[in-house]
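Work through the following exercises with the sequence and the model in view, trying each task before reading its solution.

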Amino acid sequence: LSLPRLGGRSSAALRPYTGELADRRLRRRARAAMASGMAGKVRRAADSEEFDLANYDQVRCDELAKGAFSEPFPLAEMVRLSFVVGGGKLVRQKYSDDLPKIFMGSLAAVGYGEDNTAACEAASGGKFKYQHDTGKNLKFVHVFPHISGATAQGGLEEGGEEEEEETQTPEDILMTCDAEDFKELVDVQLPTYGQKKRLLDLLKARITKLEEIEAKMTKLEQLTSEEQALFDGVGVEDLKEKSKVVSAELQTMADAGRLTASEKAALVEQLEGRLEHAKAEMQKAEADGKQKRAQALGQQVETIRKTMSTVKDCSPIGLPPLRHSNEIAKLQGKLIEIAKIEKEKKGHYSMAELTRIGERSEIEEAMGILKERSRGWLESDEVFQERLQACLRRASSAASKKASAPGGGYGGGSRPSASAWSTVSGGGRAPKSKAAGASTRNAFSALG
């Protein structure tokens with residue numbers, strides 16, 4: 001189980017299990033989606049674009065220049081990236097008088113040079129120039145980035161181990177990725193209704209926050225650094241489109257009855273609340289003589305009733321097993337066997353048994369790593385613990401059956417056979433002598 005890491009989690013977490021080529025494709029897309037904020041938007045530019053540096057100061061200019069322009073852009077042709085750094089009296093409140101000088105200084109700090117003759121051509125890579133556009137009454141700094149040519153993007157296709165990107169949470173990746181990647185990641189990473197519902201709640205909360213920020217900007221109010229970072233990231237319209245995708249997925253799962261027992265109970269309660277609210281709104285519309293609204297609400301009431309009937313009649317499904325349930329169960333079995341030795345021998349251990357007891361810490365550490373790698377995206381602690389306990393119960397049941405089998409366990413003072421201590425990845429070799437214990441590397445063979 002060799003699991004290369006990606007963003008603090010294994011790249012296997014992005015794998016749709018359709019082969020190595022598909023793994024590389026999804027990993028590449030997720031890595032591209034992980035660039036965030038203004039620097040991320042600039043890095044994703046494929047054509048000449050314009051960016052607004054309203055409310056930027058020295059620190060944020062330095063961060064932008066470093067994040068966006070420290071490395072060449074993987075483009076075949078030059079682009080002009082124009083940054084608004086000032087303007088006339090209608091917008092000047094958003095920009096400090098020194099912003100052009102500050103931003104150009106930040107660019108110089110990462111190796112870019114000022115050149116008033118720079119243009120959209122390869123020879124201008126790594127240069128910038130200042131312009132006061134009197135037609136638009138705006139001040140610009142135009143940047144012509146270093147580009148690495150058409151082959152830059154091909155390197156990721158051919159394989160080879162890429163350097164890790166900075167860590168981002170699943171929420172960050174889902175918020176910033178494009179529409180195509182979003183649908184694929186939702187399908188692969190959020191298999192349960194509860195996970196998708198959690199994503200929808202996060203999307204709605206982000207949309208509300210961005211709308212509040214836009215209202216502040218309309219009033220020319222100063223944004224906090226956190227608000228500015230959110231505003232520089234993915235836009236409201238993109239998030240609304242993602243919300244529509246998730247809402248449709250949730251409705252499909254409800255119509256098909258793909259719900260666990262807890263998800264079913266929560267959804268029925270939610271639908272009952274929505275039904276009562278819709279009925280009250282319909283009655284109010286009828287009393288106010290708003291027939292069209294009353295008719296639309298009546299259709300909504302019938303839709304909710306139909307969905308609620310389907311949900312109530314469905315048989316709950318089980319939770320999916322942990323991604324590494326087999327490996328965790330095997331390691332748990334080893335811990336159970338160690339506990340059995342300690343209970344039955346009461347301190348009178350052979351050298352082989354002492355060696356096995358000494359492996360406990362490594363086994364527990366390996367289990368901790370596998371548990372973390374098995375946690376689902378946006379999965380609640382309660383649901384994860386439910387899945388984990390099911391895995392551990394399976395291990396305990398298997399250990400009980402093994403102990404009750406003829407010759408099983410360590411009863412009667414007999415010494416355990418070497419086969420009872422096979423490694424996670426395969427069978428073990430019997431020790432040559434009483435002092436030759438099992439290898440302590442076994443616990444980590446499942447980690448890769």
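**Exercise 1: a pair of packed helices**

Task: describe how helix α3 and helix α4 cross, and state which residues make their contact.

Solution. In this predicted model, the axes of helix α3 (residues 58–69) and helix α4 (residues 99–109) come within 8 Å of each other and cross at roughly 40°. The next step is the sense of the crossing, which for α3 and α4 is right-handed. On the α3 side the contact is made by Gln58, Cys61, Asp62, Leu64, Ala65 and Phe69, and on the α4 side by Leu99, Ile102, Phe103, Ser106 and Leu107. Sorted by class, the contact of α3 with α4 has eight nonpolar, two polar and one charged residues.

**Exercise 2: the chain as a whole**

Task: give the helix and strand counts of the protein chain, the share of its residues that is buried, and the share of contacts made by residues 24 or more positions apart.

Solution. Begin with the secondary structure, where the protein chain has 15 helices and seven strands. Turning to accessibility, 41% of the 448 residues count as buried. Finally, among contacts in the protein chain with a separation of 6 or more, 71% come from residues 24 or more positions apart.

**Exercise 3: salt bridges between helices**

Task: find which partner arginine 206 has in a salt bridge and which partner glutamate 227 has, and place each pair in the chain.

Solution. The cut-off needed here is a side-chain nitrogen of Lys or Arg within 4 Å of a carboxyl oxygen of Asp or Glu, and by this rule the count comes to 19 salt bridges. In one of them, the side chains of arginine 206 and glutamate 171 meet with an N to O distance of 3.8 Å. Arginine 206 lies in helix α7 (residues 193–218) and glutamate 171 in helix α5 (residues 170–176), so this pair ties together parts that are 35 residues apart in sequence. As for accessibility, arginine 206 is buried, with a relative accessible area of 18%, whereas glutamate 171 is partly exposed at 26%.

The second pair is glutamate 227 with lysine 209, whose closest N and O atoms are 4.0 Å apart. Here too distant parts of the chain are linked, with glutamate 227 in helix α8 (residues 225–232) and lysine 209 in helix α7, 18 residues apart. Glutamate 227 is buried at a relative accessible area of 10%, while lysine 209, at 30%, is partly exposed.

**Exercise 4: a buried pair at the end of a helix**

Task: decide whether lysine 345 is buried or exposed, do likewise for glutamate 353, and describe helix α12.

Solution. First the pairing: lysine 345 and glutamate 353 meet through their side chains in a salt bridge of 2.5 Å, taken from N to O. Because buried means under 20% relative accessible area, lysine 345 with 16% counts as buried, and glutamate 353 with 3% is likewise buried. Now the helix: α12 (residues 325–345) has 21 residues and reaches 30 Å from its first C-alpha to its last, close to the 30 Å expected at 1.5 Å a residue. After α12 comes lysine 346, whose phi is positive, near 50°.

**Exercise 5: glutamate 263 and its surroundings**

Task: state where glutamate 263 lies and with which residues it is in contact, leaving aside its neighbours within four places in sequence.

Solution. Glutamate 263 belongs to helix α10 (residues 261–287) and is buried, with 11% relative accessibility. Its C-alpha atom is separated by 7.0 Å from that of tyrosine 193, although the two residues are 70 residues apart along the chain. Beyond its neighbours within four places in sequence, glutamate 263 is in contact with Thr192, Tyr193, Gly194 and Arg258.

**Exercise 6: positive phi in two loops**

Task: give the phi values of asparagine 137 and leucine 220, and say where each residue is found.

Solution. Most residues other than glycine have a negative phi. Asparagine 137, although not a glycine, has a positive phi of about 55°, and is found in the loop between β6 (127–133) and β7 (138–144), where it is partly exposed at a relative accessible area of 40%. Leucine 220 has a positive phi near 60°; this residue is found in the loop between α7 and α8, and counts as partly exposed at 46% relative accessibility.

Definitions and conventions
Residues are numbered from 1 along each chain as its sequence is written. This is a predicted model: local features need pLDDT of at least 70, side-chain atom pairs count only at pLDDT 80 or more; totals for chains, interfaces and linings use all residues. Side-chain values use heavy atoms; hydrogens and water are left out. Helices (H or I, at least four residues) and strands (E, at least two) are DSSP runs, numbered from the N terminus. Buried means under 20% relative accessible area, exposed over 50%, partly exposed in between (1.4 Å probe, protein chains only). The expected span of a helix is 1.5 Å times one less than its number of residues. Axes are lines fitted to C-alpha atoms, for helices over the stretch in contact, and angles run from 0 to 180 degrees between N-to-C directions. A crossing is left-handed if the near helix is turned anticlockwise from the far one by less than a right angle, and right-handed if clockwise. Contact means heavy atoms within 4.5 Å. Ala, Val, Leu, Ile, Met, Phe, Trp, Tyr, Cys and Pro count as nonpolar, Asp, Glu, Lys and Arg as charged, and the others, Gly among them, as polar.
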